[in-house]
Amino acid sequence: MPAASDGTPARTSACRVFVDPEGPVVVEGPVEIVLADGTVARSDRFSVAICTCRRSRAYPWCDTSHRRRERAGRQAEERNQ
């Protein structure tokens with residue numbers, strides 16, 4: 001990939017991002033994520049789910065942990081009705 005004048009990789013096309021308010025952010029890959037501590041997580045997959053709830057054991061990648069917790073709460077609400 002060609003580099004921009006500041007040394008960062010230059011994109012030849014737009015990156016597509018899908019935002020789900022109740023789930024992860026899905027990004028067409030490959031993807032590099034720079035975490036708060038400066039660590040870089042990289043995925044070469046064609047599409048990746050990035051965790052936004054921080055419940056994932058594979059953070060920054062989503063492992064759908066948010067779904068399990070959400071469903072359990074819904075089932076408890078249904079029993080109480």
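A residue counts as buried here when its relative accessible area is under 20%, a cut-off worth keeping in mind while touring this predicted model.

Begin by selecting Val25, which sits in strand β2, covering residues 25-28. Because its relative accessible area is 19%, Val25 counts as buried. To see what surrounds this residue, leave aside the neighbours within four places in sequence and show the rest of its contacts, which are Val17, Phe18, Val48, Ala49, Ile50 and Thr52. Of these, pick Ile50 and draw a C-alpha to C-alpha distance to Val25: the two are 25 residues apart in sequence, yet 5.1 Å apart in space.

Now zoom out to the whole protein chain, where you can trace one helix and five strands, arranged along the sequence as β-β-β-β-β-α. Of the 81 residues in the protein chain, 20% are buried, and the chain exposes about 6500 Å², with carbon and sulfur atoms supplying 48% of that area.

Next, select strand β3 (residues 31-34) together with β4, which run antiparallel and are joined by four bridges. One pairing to display is that of Val31, whose bridge partner in β4 is Ser43. Moving to the hairpin, you will find five residues between the two strands, and there Gly38 takes a positive phi near 95 degrees.

Finally, show the side chains of β4, residues 40-43, and turn the strand to compare its faces. Ala41 and Ser43 point to one face and are buried, whereas Val40 and Arg42 point to the other face and are not buried.

Terms used: Residues are numbered from 1 along each chain as its sequence is written. This is a predicted model: local features need pLDDT of at least 70, side-chain atom pairs count only at pLDDT 80 or more; totals for chains, interfaces and linings use all residues. Side-chain values use heavy atoms; hydrogens and water are left out. Buried means under 20% relative accessible area, exposed over 50%, partly exposed in between (1.4 Å probe, protein chains only). Accessible areas come from the Shrake-Rupley method with a 1.4 Å probe; for residues, only the protein chains shown count as cover. Contact means heavy atoms within 4.5 Å. Two strands pair if DSSP finds at least two bridges between them.
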